[in-house]
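Welcome to this short briefing. Please keep the sequence and the 3D view open as you read, and follow the topics in order.

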Amino acid sequence: MVSCPHRIADVSRSVPVVPAALLSLALTLTLTSCTGGGGGTGERSLGAAGVRDPYFPKLGNGGYDVTHYALTLGYEPPSENEDDRLRGTAVITARATRDLDAFNLDLKGMDVESVDVEGTAARWKRAGQELTVTPGDGLDQGETFRTTVRYAGTPETVTDPDGSREGWLRTADGVLALGEPTGSMTWFPGNHHPSDKATYDLAVTVPEGLRAVSNGELKGESTEGGRTTYSWHTAEPMASYVATIAIGEYEIRRSTVAERVDGDAGGLPVYVAVDPAQAEDSREVLGRIPEVMEWAETNFGPYPFSSTGAIVDEPEDVGYALETQNRPVFPGTPDISLLVHELAHQWYGDSVTPKSWRDMWLNEGFATYAEWLWEEDDGGDTAQENFDALYEGEYFEDAASNEAVWDFPPAKPPSAARISDSPVYERGAMVLHKIREAIGDDAFFGLLQDWATTRRHGNADTADFTAYVEEYARKRAPEADLTPVWEDWLYGEGKPSKA
Ligand code: TRP
Ligand code: ZN
């Protein structure tokens, strides 16, 4: 039997010719024989390989909180006989939330070349999407540590439980990375659960002539030896599922949102990147971003981030938009409702983020209700009319879609495959409308803003929300009876008997 090697990673340094894949296989075998024999001390403190998300139990990791990701990426486009390639260095700053002898990161695919912790090579092994890191010295609870992962390969595209595609998505002239709910682990290692938000620095080097667009603000752009590096900084906490990177040719349009609710005279920067093929088509609707943002701030309160915008591209096999932080991604020119939906998510989803994937309706119910409010203010159907149309089965064109609204309660999707179904969106919006009906317009619009402010840059689950609404109603609408809203509309099976 092999004896337990102490510093396996040191071996990889002295034998750099071993391909990473083989090396990682060797490590897996060796480590298994070390830890699997039952001869351990029994006192090892391992960070959990998941945070027990009810729908994605292996997502995320316990035992630490990431505060910052510094990602340095190099992108090589595909050639005639080779796939595109990504080389990355991820420097992850985290705080141990308990004593740790080892911790996990999520990374799907890619070859890991090395891992260090606080500048010292660490042992690591891989099993599925789990990258387990064992530092030479254990980490103490409360300690802030830095781990660096070097990796390379061709990132994967993943298929969601609902059949949609995410992760590393190819476009005609580059790629677009989308991460809801699990795709971000295809292009960088991390704690890929919405409950662990962090700030980001992302430097991407691409062949000169291509452009790289991401979240936050563009801090630098420099070209050397035929390669251009774009440096993006995200100053506000971000869940990894709304992190994005778009590489390709883009027309860039900058503007500002002039009217701010907090009176900020400087205005809010707007950065829009559009695939040239969509440039003409999308000009008008994207030109309305400042108008939508002003409307949204009036309704939802101060915008929680330091810039806004949009990315329009045409990823293969993808027909959905995503509320990527600062600048949502659209798979083609959006209509005004979709633009409103994704920008509303910046408050509800990106800033106030679900604690788990069960709380999706807190994202989608709010963003759908935002569409209704826009329509109402724009002289179209009122929210009440949209609510009634759903209740009467006249909202969608086809009967099956109208029926599907009652498939399950918004707060309890039956499986991971259904977290983006109509009950989460439309019936979620109906829950909000029932709250509005119960507490009255004044209190309701106050609540929309106050909820976003109270939970700004944080996480919340359904129970947090209902407790909050109860508390808010006690102050603003003491007569309101919210029990039927929760029992029948939020948690109840089937179609409630009374609209
Ligand atoms: N959140 C996206 C929206 O704006 C839709 C979406 C994309 C989605 N991928 C998802 C929802 C995965 C749930 C799960 O509506
Ligand atoms: Zn949405």
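A residue counts as near a molecule if one of its heavy atoms lies within 4 Å of it. With that in mind, a look at the ligand in this predicted model shows 13 residues around ligand 1, of which Glu180, Glu323, Glu342, Glu364 and Tyr425 come nearest.

**Where the ligand sits**

- Ligand 1 occupies the second largest pocket.
- Residues of the shell around ligand 1 come from both domain 2 (250–347) and domain 3 (353–490), so the ligand lies between these domains.
- Two helices, α5 (336–344) and α6 (360–377), each contribute at least two residues to that shell.
- Sorted by class, the shell holds six nonpolar, three polar and four charged residues.

**Polar contacts and burial**

- On the nitrogen side of the story, glutamate 323 places a polar side-chain atom 2.8 Å from a nitrogen atom of ligand 1.
- Two residues have a polar side-chain atom beside an oxygen atom of ligand 1: glutamate 342 at 2.6 Å, and tyrosine 425 at 2.7 Å.
- How much of ligand 1 does the protein bury? Taken alone, ligand 1 exposes 360 Å², and the protein buries 94% of that.

**Backbone details to check**

- Glu180, one of the residues that come nearest to ligand 1, is followed by a cis peptide bond to proline 181, with omega near -5°.
- Proline 181 itself belongs to the loop between β11 (174–178) and β12 (198–207).
- Which residue has a positive phi although it is not a glycine? That is methionine 110, with a phi of about 65°.
- You will find methionine 110 in the loop that runs between β3 (103–106) and β4 (111–117).

Note on methods. Residues are numbered from 1 along each chain as its sequence is written. Chains are lettered from A and ligands numbered from 1 in the order in which they are written. This is a predicted model: local features need pLDDT of at least 70, side-chain atom pairs count only at pLDDT 80 or more; totals for chains, interfaces and linings use all residues. Side-chain values use heavy atoms; hydrogens and water are left out. A polar contact is a pair of N or O atoms within 3.5 Å; within protein, one must be able to donate a hydrogen and the other to accept it, and residues adjacent in sequence count only if both atoms are side-chain atoms. Accessible areas come from the Shrake-Rupley method with a 1.4 Å probe; for residues, only the protein chains shown count as cover. On a 1 Å grid over the protein atoms alone, a cavity is a set of points where a 1.4 Å probe fits but cannot get out, and a pocket is an open set with protein on both sides within 12 Å along at least five of seven lines; lining residues have an atom within 4 Å of a point. A molecule sits in a cavity or pocket if more than half of its atoms lie within 2 Å of its grid points. Helices (H or I, at least four residues) and strands (E, at least two) are DSSP runs, numbered from the N terminus. Ala, Val, Leu, Ile, Met, Phe, Trp, Tyr, Cys and Pro count as nonpolar, Asp, Glu, Lys and Arg as charged, and the others, Gly among them, as polar. Domain bounds come from an automatic or database domain assignment.
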